[in-house]
Amino acid sequence: MEGWDPNTKSTLTQIPLLSIKAGPRDGAAWTQRLKEEYKGLIAYTSMNKSNDNDWFRISAANPEGTRWTGKCWYVHNLLKYEFDLQFDIPVTYPSTAPEIELPQLDGKTHKMYRGGKICLTVHFKPLWAKNCPRFGIAHALCLGLAPWLAAEVPILVDSGMIKHKDDVATSIL
Amino acid sequence: MEAELKAMLSDLETLKRSLPDPSHHASIDKMQLRVEHLTNLAKSAPVQRSKVKDMSAEVVDSNPYSRLMALQRMGIVQNYERIREFSVAIVGIGGVGSVAAEMLTRCGIGRLLLYDYDKVELANMNRLFFRPEQVGMTKTDAAVQTLSDINPDVVLESYTLNITTVQGFETFVSSLKNKTFRPSKEGSGVDLVLSCVDNYEARMVVNQACNELNQTWMESGVSEDAVSGHIQLLIPGETACFACAPPLVVASGIDERTLKREGVCAASLPTTMGVVAGLLVQNTLKYLLKFGHVSPYLGYNALKDYFPTMEMKPNPQCSNVACVDRQREYLLVKPARDAAAKAKIEAEALSATEFPLHDDNEWNISVVDDSELDKTDVRSLDALPDGLVRELPNADEFQKLPVPLETANSIDDLDDLRRQLEALSAG
């Protein structure tokens, strides 16, 4: 965890760790894992809210909890940029992390694979591998997506690849 | 087309004859000439060759298999035509998978199963196989289009899906199990699975499927900096599976800190990908047609032209349950297998030497087979050959926490938890 800012580190320690190593094909064990996932997400979301650092919304898109959708946002120069967020829980979860997708940014940055999957190779994958099965969705958002947004959104805005929604509206009018 | 044009010519002839006014004849003659010209063009247009029933060894220009069947005459391969019985599944039809598919198609493989969910893009044109006019097509469709033109004898099946999703995985596994192509085949419906995907997640999925099906497969990969690659043979229970230890990568040989990672996630070269596809299909042919030595692991460092090799034993504590099951099965049949191998070696020795090597053996000296000792323990980091490194760290050891006794007020119902998160999201 060297190189991570103290804020992320202290946030991370407050997200409850998971204990059940189970994926979507593991029946009842997956249901238990899913409960742990919810507890992690609930703890992380309420922590963000109380620290005035709310930055995502997420919910399961199917009853099995294998697909998740929501929104995430990042504030740059006092303007809020919001993106759709989605991912599938892979069959080999939690040995492999979910591949977080921001489909609206597909093709706008090199730090992304086809389909809008954000590039997590360097900063996140080794951490996930080291901490399997204790990390869950909340950890993936905290250590995978949050630093990606912090690094990429300013570049995307400054290079004109994305525009704030108010600017887009005025240009149409 | 030729028949249509011929009919048109005769129609024009009839028309010419039925016209009483000869003033139109000149223009009809002109039209006839044009149709004749078109007929010639149609004749020179590319035609797809028809299917071949048996592979012939006859050396004539029109035989697509003469140079392959020559492998038999030269004593390299015992029975080349067996290749038509084999089914190979290729997962990932990108820079390596598409080239591997073309090689196997040209070799006259019996059946190819192709898996990919991506589309062809102009950004793929630095690699081999796909053509600019195929941009926008799914990679599977574009591959079938090209491969069926090259060799109509190959049975092609394409699956446009993402194998890492729950649904995609089910289709993937059931397609591997399907035995309609060769019902007499033992085990699954395919002889080999080739993983040509570009990410760790998909490799772990192929590993999962093959461990469950007890299916031998080969892994291939090219590094994101495009200057190294590897191939690996995985036999469930016998060799290390992909989850037995963090994956190996060939070190680029340059200082990692000098690598500029800013702004890009992946580079690629047609050369490195072509080399890796070639190594992969070479190993595939040796495995299927039983010639030469099948490499358990072969790395390729393009900067130094260095090819490290190694063998890996499975990890008895592998986190993959199916892998551990296959290891147990493998150990159960080990005595019988060893005895058979020994008998084979003895039979060969007997036919080769008619007299004993040494008349007496006062000290009871015997040669011990050390082939088992050559294999590297998959978990040990220091035993890696030069030039190979781990891509990811091992999972930390951690004690399973005793299941906390649920206190009365702690919520442990899935629906309640879901509602709680929704309430937080609404606020």
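This is a short walk through a predicted model with chains A and B, starting with the sheet in chain B and ending with some odd spots in the backbone.

Okay, chain B. There's a fair bit in here: 12 helices and 11 strands. Of the 427 residues in chain B, 41% are buried. And if you take the contacts in chain B with a separation of 6 or more, 65% of them come from residues 24 or more positions apart.

Let's go to the sheet. It's an open sheet of seven strands in chain B, and if you read across, the order is β3-β2-β1-β4-β5-β6-β8, with mixed pairing. Which strands stand at the edges? Those are β3, residues 155-159, and β8, residues 297-301, both of chain B. Each has a single partner strand, so one side of each is left without a neighbour in the sheet. From one strand to the next, the twist averages 15 degrees.

As a quick reminder, strands of a sheet pair through backbone hydrogen bonds, and they can do that parallel or antiparallel. You can find both here. At the β3 edge, strand β2 of chain B, residues 111-115, pairs with β3(B) in the parallel sense, over five bridges. If you want a spot to zoom in on, take L114(B), whose bridge partner in β3(B) is S158(B).

Now swing over to the other edge. β6(B) and β8(B) run antiparallel, and five bridges join them. Here the pair to click on is S228(B), which stands opposite N301(B) in β8(B).

So is that edge strand, β8(B), buried or exposed? Five of its five residues are buried, so β8(B) is largely enclosed by the rest of the structure. Both of its faces are covered. On one side you have Y297(B), G299(B) and N301(B), on the other L298(B) and Y300(B), and they're all buried. Put that next to the edge position: β8(B) has a single partner strand in the sheet, and yet its residues are buried.

What lies across the sheet? Two helices to point out. Helix α5 of chain B, residues 139-150, lies across β2 and β3 of chain B, and it runs at about 170 degrees to β3(B). Then there's helix α8 of chain B, residues 270-289, which lies across β1 (87-91), β4 (192-195), β5 (217-222), β6 (228-234) and β8 of chain B. For α8(B), the angle to β5(B) is again about 170 degrees.

Over to chain A. First, how confident is the predictor? The mean pLDDT of chain A is 90, and 95% of its residues reach 70 or more. Among the elements of chain A, strand β2, residues 67-76, has the highest mean pLDDT at 96, while helix α5, residues 165-172, has the lowest at 62.

There's one annotation to mention. UniProt, in an unreviewed entry, puts the feature "active site" at C119(A). Where is C119(A) found? Look in the loop between β5 (117-118) and α3 (125-130) of chain A. Its relative accessibility is 10%, so C119(A) counts as buried.

Next, T92(A), in the loop between β3 (79-88) and β4 (112-113) of chain A. T92(A) is buried too, with a relative accessible area of 7%. Its side chain makes a polar contact with the side chain of T96(A), at 2.9 Å. And which residues does T92(A) touch once you leave aside its neighbours within four places in sequence? They're E201(B), M204(B), V205(B) and Q208(B).

Stay in that loop for a second, and we get to the odd spots. A cis peptide bond joins Y93(A) and P94(A), with omega about 0 degrees, and P94(A) lies in the loop between β3 and β4 of chain A. Another cis bond goes from C132(A) to P133(A), with omega near 5 degrees. P133(A) lies in the loop between α3 and α4 (137-158) of chain A.

Last up, two residues other than glycine with a positive phi. N77(A) has phi near 50 degrees and is in the loop between β2 and β3 of chain A. In chain B, A226(B) has phi near 70 degrees, and you'll find A226(B) in the loop between β5 and β6. Their surroundings contrast: N77(A) is exposed, with a relative accessible area of 60%, whereas A226(B) is buried, at 2%.

That's the tour, thanks.

Technical notes:
Residues are numbered from 1 along each chain as its sequence is written. Chains are lettered from A and ligands numbered from 1 in the order in which they are written. This is a predicted model: local features need pLDDT of at least 70, side-chain atom pairs count only at pLDDT 80 or more; totals for chains, interfaces and linings use all residues. Side-chain values use heavy atoms; hydrogens and water are left out. Two strands pair if DSSP finds at least two bridges between them. Helices (H or I, at least four residues) and strands (E, at least two) are DSSP runs, numbered from the N terminus. Axes are lines fitted to C-alpha atoms, for helices over the stretch in contact, and angles run from 0 to 180 degrees between N-to-C directions. Contact means heavy atoms within 4.5 Å. UniProt positions are given in the numbering used here, feature names are shortened, and annotations may be inferred rather than shown by experiment. Buried means under 20% relative accessible area, exposed over 50%, partly exposed in between (1.4 Å probe, protein chains only). A polar contact is a pair of N or O atoms within 3.5 Å; within protein, one must be able to donate a hydrogen and the other to accept it, and residues adjacent in sequence count only if both atoms are side-chain atoms. pLDDT is the predictor's confidence in each residue, from 0 to 100.
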